[in-house]
Amino acid sequence: MMTYEANIPNREECQTCSLTFAYKEINLLYEIAVMLTSTTDISDSVEKAMRRLKQHGYLERCALFRKKEDVNELELLNSIDLEPYQKKMATYRFGEGATGLAAKSREPIVIENIHNNINYLNKMGNISTQMVSYVAVPLLQDEEVIGVISANIGKNSPLNFDEIVRMLTIVGSLFVGSLKVQQKLTEEKESLTELKTYYKEEMQKDYKFENIVGRSTRMQQVFGMINTVAPTDATIFIRGETGTGKELIATAIHNLSRRQNGPFIKLNCAAISETLLESELFGHEKGAFTDAREMRKGRFELADGGTLFLDEIGDITPSLQVKLLRILQEQEFERVGGNKTIKTNVRLVAATNRNLEEMVRKGEFREDLFYRLNVIPINLPPLRERYEDVKLLIEHYLHRFMKEHRKNMHFTKGAMELLLDYPWPGNIRELQNTMERIVLICPDGEIQPEMLSHVLPFNYQKLYMQSEPAPMMQSVAPTFPHPSAHVEHPSNAPMTKKTLQELEKESIIQALSDSHGIQTKAARLLGMSARQIGYKIKQYGIEI
């Protein structure tokens, strides 16, 4: 048994041994290096490289061992010509056999005749009579042993032991370097996958119904509908004013569906010009139009296996309506400038704030497309019809922005009433932006009503002060009988305070009945504010 220094030769040493290392050996090493750097499956490339070495008659039954973490033991990583049971047996403790001895001594081990040397344990079995020698070379990184590369050598090997040690050292270094890069990429990929999963779970927390602020009866009805239809693949049509949270609901539908692990692709049809919208929806081929320098997939193709959310769908042109109808019916389309039919499996969730029925009547929107979209309609109520949720939303966004901007404040009773009376024409989006503006502009501590006059979009404080409840005889002026209310009153009877109160009470009851118990809607019918009608309901003891 002989030992060798396992150092990779530098340039001067390569020049010295140039007579020994023939051109074909150098060319083979180059071929192996290219093989290892041109694929992502390094393990397969390592085995192919070992077979190339065998084909050239240099090595037999080559094997690459890796040191286990925190244990001085070698495990088989790659090999050729070994059966599964042989691979399972091929483990060596440091110092065990020629392979383990190479790891322990950090020097190459050469056994000239394996048939009469006790250091050759032959754990892998099946020795051919053509195999007469064995070489094991340690692989070092930062002075630490990270593995061993070994091979059996036949009688007719064209290289001597010195050249074989050099060959194995170079090849082993190439193998280990490539495997290290692959291991690092795998670890980074796993880390990114974990981060993606974490952030997806965090994102989905905002779209779970228990975390969506909405305890009103109307919103509970919406949640119940979504829980019922989300697990299906039916087309969902979300309708509501701007800022009511249509995209939020669409995302919740996707996360509650069987497609939750698939893509969720969004597109606002009103935010893109007519000429580009078709390309955004269906994609385009290279050269389809000016600046189309390469093929590009559209949203329907990207959403394959997932959900596509098309917001403001009422803004698409009649020509695109025809193509959209086809893809909804046939689940197939062609890219712009292409003739290849592409199949797709997409669940569509559409949304609009427009009156599509009126557009259909005027011929601005295809009737057949409207019915194809309107499979499961979900109507989101405006914030003025969710009076019970306004305070919850105010407190939710106040705490959120206080945490974000590191401030501490709270509303006085008057300031809160001022915000509760505001009609929020921009719905939740306006409320959210207003709350952030309040947190940024107002100082820490109590928020007084007068501070909000510079925050709301107009001087609503003045309007609020003018609409404070007045004595009964003065407050009757803005209230009037609802048109459908029939109150018998003798024409010649004097109008007393009691009859005025009865008239007002009956008007409020009738308005509440016509509004299905929605106070804000009843208040609009009577020309009152939400705060005034709440005051009157309490005063008259009206049960809702």
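Colleague: How do the residues lining the second largest pocket divide into nonpolar, polar and charged?

Modeller: This is a predicted model, and here the lining splits into seven nonpolar, five polar and six charged residues. The pocket holds about 430 Å³ of space. Of its 18 lining residues, R66, K67, I146, K180 and Q183 lie nearest the centre.

Colleague: Which element gives the most to that lining?

Modeller: That's α6, with five residues. At least two residues each come from β2 (60–67), β3 (73–79), β7 (144–154) and α6 (161–205).

Colleague: Okay, strands next. Which side chains of β9 point to which face?

Modeller: In a regular strand, side chains alternate between the two faces of the sheet. Along β9 (residues 264–268), I265 and L267 point to one face and are buried, while F264, K266 and N268 point to the other and are not buried. β9 also pairs with β12 (residues 307–311) in the parallel sense, over five bridges, and K266 stands opposite F309 in β12.

Colleague: And the rings: how many aromatic pairs are there?

Modeller: Six. You describe a pair of aromatic rings by the distance of the centres and the angle of the planes. Take F282 and F300: they're stacked, at 5.8 Å centre to centre with 5 degrees between the planes. F282 sits in helix α9 (residues 274–282) and F300 in helix α10 (residues 299–302), 18 residues apart.

Colleague: Why is the pair of F282 and F333 called tilted?

Modeller: Its centres are 6.0 Å apart and its planes are at 40 degrees, so the pair is tilted. With F333 in strand β13 (residues 332–334), this pair ties together parts 51 residues apart in sequence. Ring pairs link F282, F300 and F333 into a cluster.

Definitions and conventions: Residues are numbered from 1 along each chain as its sequence is written. This is a predicted model: local features need pLDDT of at least 70, side-chain atom pairs count only at pLDDT 80 or more; totals for chains, interfaces and linings use all residues. Side-chain values use heavy atoms; hydrogens and water are left out. On a 1 Å grid over the protein atoms alone, a cavity is a set of points where a 1.4 Å probe fits but cannot get out, and a pocket is an open set with protein on both sides within 12 Å along at least five of seven lines; lining residues have an atom within 4 Å of a point. Grid points are joined across faces, edges and corners, and a volume is the space filled by probe spheres set on the points. Helices (H or I, at least four residues) and strands (E, at least two) are DSSP runs, numbered from the N terminus. Ala, Val, Leu, Ile, Met, Phe, Trp, Tyr, Cys and Pro count as nonpolar, Asp, Glu, Lys and Arg as charged, and the others, Gly among them, as polar. Buried means under 20% relative accessible area, exposed over 50%, partly exposed in between (1.4 Å probe, protein chains only). Two strands pair if DSSP finds at least two bridges between them. Rings of Phe, Tyr and Trp (its six-membered ring) pair if their centres lie within 6.5 Å; planes under 30 degrees apart count as stacked, over 60 as edge-to-face and the rest as tilted.
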